[in-house]
Amino acid sequence: MLDFFKSLFKPQGSGATAKERLRLVLLSDHLSLAPETIDALKADLFDVFSRYFEYDASQAEVTFDHREREVAMLASVPILRVRERTLPPVALAPEPPAPVAVAPVAVAPVAVAPEPPAIAEPEPELEPVEAEAVEAGPAPVAALEPEKLPIAPAAPRPRKRRRKRNAAASNGKAGVQPGLSAGHSAQA
Amino acid sequence: MEAIETEITAPVPEAPVGDQPVAPLGRAIVITSGKGGVGKTTTTANVGAALAALGKRVVLVDADVGLRNLDIVLGLEARVKYHVLDVIENKAELDDALVRDKNVDSLYLLAAAQTREKEDVSTEAMIGLIEQLRARFEFVLIDCPAGIETGFRNAIAGAGHAIVVCTPEVSAVRDADRVVGLLPHDWKPELVVNRLRPALVRKGKMLSVEDVDAILRLPLLGVIPDEPGIIIATNKGRPIALDEHSPVGAAYRQIASRLAGNDVPPPTVKVAEPGFFSKFGSLFGGR
Amino acid sequence: MAGRRIVITSGKGGVGKTTTTANLGAALAKRGYKVVLVDTDIGLRNLDLVLGVEKRIVFDLVEVVEGRCQVRQALIRDKRFTSLHLLPAAQTRDKTAVSEAQMDALIGELAEEADFVLIDCPAGIEHGFRNAVAGAREGIVVTTPEVSAIRDADRVVGKLKERGLPHTLIVNRIRPEMVASGEMMTVDDVRDVLRTEILGIIPDDEEVIDTTNRGEPLVLDPNQRLAPIYLKIARRLEGEKIPLTRLESQTFLTKLFSIWKAG
């Protein structure tokens, strides 16, 4: 019933539909990520968040902010209650790789132009977000706050081997692996 | 009293020679879009005509080799003797290829070749030609072909600024976005939203100017409403920018004024918020 | 027998090639045929948007041609018409990524399993156009009744003739009231200038924008004015002899005009 009244005051004409579809399509165009992958990425992120705190799902959102030369991923997640004990990931993961200096989450800016992005400086090997969180014990503040999480270019799509382009970005560990649940991160 | 016949002609502006103070080079602006059929040629012709009507020396360059249309829109198709490729290949002098507009004195056209291919033009040749034109004209407007292939790359070579034309439709916006990504990074392209239908926007059935602008994130140069007058003007070969009574003409004149550096209020389109009762109307079966 | 391989082209951009490909394809599928739509506008893809399947793209035409996936992995089956499939274009490549020979082979492969392969051609007459035509054995030229569009269509008709491709014409976005008042060319004018047989005449309809916004081809909705028109065109394409509606006739026009004004 509430939806009925809501629809009276917020007409969803096709213009609004067009705008939403365009946003997703352009995001996909810019990042060379399949739309499915973007959805999977968001789902994975929320899985991770929910292991550390309860949050208001109705207000939580992951958006992508287009800047001059990069796309930044912004997560806005209202925290209701931090869990006293971090929940384990859904499935047990294999041994973590040898400890690496915790890479700052910031990555070289991604050029929005559809060519292989130039990496500004050599960067430490990037860890998936989950592994980093575990390594540092209680989740680093960076992962909780609506901090900018610039993502590496052209994260691999599901069911495909990585393109050669990605080799420049990292040794295949850029960003969040689509299709992997939080369970693949290492257990401390 | 004998009647005296005189022929008055205005010579094509020439590049300054010798010790004369060198005039600043004109601005070379490419009008592009990605999507075809959104109004690049019409915009080029009309903004050009409006600038010339303000007294500026303007040349319009048709870069759509093989599919030329700028001449038709200006009504000059019968007067074209030589085209861009003739000039580039030294088969004709620039002066012979430049066609003076029949409506506005300081407006000139450099037509595209019709029976050649875009691959026949090199980027270097285009750059050289545009430089030549900049020395003689205050504004060089380049009508870009649709797409992002050779024709597009040649059209942007030699230009320093871009106007992106986009209609409030999903395919056009998507293509405009792509094109912006392919322009040189230091350019600051401006947006013209063409074929707006305020009635459809009010009904929520069309993207609004704000929607398009928010998605493309470009400074808004102008908004042109959709009117059948445009088709008629094209049929007649007389740019609508010269029609004092047309709101479309007025919109183009505003764009020209802005480009000429005049202080013009920012483009706005009044689209009234749907009223409470019209919401009920659409709920109960109206359109 | 292998399916028909038809390129939908125009020269001029924005006259309705993609909308026509989507709706004609949907109309043929509705009539029970197996249809594959191919978007060859590499770098500026839009057929996926018009069909409303943009979220389901995983692989594209270039990846198929480069052998990085199978054709069937790239084909997207429309959920509304199960015999309609789309092979999307690549978005972050350019048109030189495939050759004419590769396109010809690809379309041939698709035609083995389909009744109709409709190839959506990009605007222009450059590399993209040549690729799209390479795989075709017939053409449909789309034009609007405006000087620039007809001029470009003429160029394209010339190119199709050069390649020996039989072709027909669709005149799109006719505004009967403007034809009646002499402000727009008649269909006969267009046919005379282009000297090409007409497959269909489609009136201008602002609903097209709305349906594209939503990604729902018109043909889905029998209440849409243009739905029966696309179905008629589909039947003509199949070989049925259906006479063209005499949109030019004055009395019919006035009647149509008054109906549309009221509607």
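These legends go with several close-up views of a predicted model.

**View 1. Chain A and its order of elements.**
Start with chain A, which carries six helices and five strands. Reading from the N terminus, the elements run α-α-α-β-β-β-β-α-α-β-α. How much of chain A counts as buried? Of its 188 residues, 28% do. As for the contacts in chain A with a separation of 6 or more, 66% of them come from residues 24 or more positions apart.

**View 2. Where chain B touches chain C.**
This contact draws 32 residues from chain B and 34 residues from chain C. On the chain B side, helix H6 (150-156), helix H7 (170-182) and helix H10 (229-236) each put in at least two residues. Which of them gives the most to this side? That's H7(B), with five residues. Sorted by class, the side of chain B that touches chain C has twelve nonpolar, twelve polar and eight charged residues.

**View 3. Strand S5 of chain B and its two partners.**
Here we zoom in on strand S5 of chain B, residues 139-143. The strand is mostly covered, and five of its five residues are buried. Phe139(B), Leu141(B) and Asp143(B) point one way from the strand, while Val140(B) and Ile142(B) point the other way. Note that Asp143(B) is buried along with the rest of that set.

Now for the partners. Strand S1 of chain B (residues 27-32) runs parallel to S5(B), and five bridges join the two. To find your place in that pairing, look for Val30(B), which stands opposite Ile142(B). Strand S2 of chain B (residues 58-62) also pairs with S5(B) in the parallel sense, again over five bridges. The marker for this pairing is Val59(B), which sits opposite Val140(B). Both of the S5(B) residues used as markers here, Val140(B) and Ile142(B), point the same way from the strand.

**View 4. Gly11 of chain C in its loop.**
Gly11(C) belongs to the loop between strand S1 (4-9) and helix H1 (17-30) of chain C. Is Gly11(C) buried or exposed? It counts as buried because it has 30 C-beta neighbours inside 10 Å, and the cut-off for that label is 20 or more. Setting aside its neighbours within four places in sequence, Gly11(C) is in contact with Ile125(C), Asp152(C), Ala153(C), Arg155(C) and Val156(C), and also with Leu67(B) from the other chain. One more distance for the view: Ile140(C) is 129 residues away from Gly11(C) in sequence, but the two are 12 Å apart in space, C-alpha to C-alpha.

**View 5. Asn90 of chain B, with a positive phi.**
Most residues other than glycine have a negative phi. Asn90(B) goes against that habit, with a phi near 60 degrees. You'll find Asn90(B) in the loop between helix H3 (84-88) and helix H4 (94-97) of chain B. Why is Asn90(B) called exposed? Because 7 other C-beta atoms lie within 10 Å of it, and the exposed label applies at 12 or fewer.

**View 6. Arg195 of chain C, another positive phi.**
Arg195(C) is also a residue other than glycine with a positive phi, in this case near 50 degrees. Its place is the loop between helix H9 (187-194) and strand S8 (198-203) of chain C. Arg195(C) has 9 other C-beta atoms within 10 Å, so it is exposed.

Methods
Residues numbered from 1 in each chain as written. Chains lettered and ligands numbered in written order. Predicted model: local features only at pLDDT ≥ 70, side-chain atom pairs only at ≥ 80, totals over all residues. Contact = placed C-beta atoms within 7 Å. Helix = DSSP H or I, 4+ residues; strand = E, 2+ residues; numbered from the N terminus. Nonpolar A, V, L, I, M, F, W, Y, C, P; charged D, E, K, R; others polar. Pairing = 2+ DSSP bridges.
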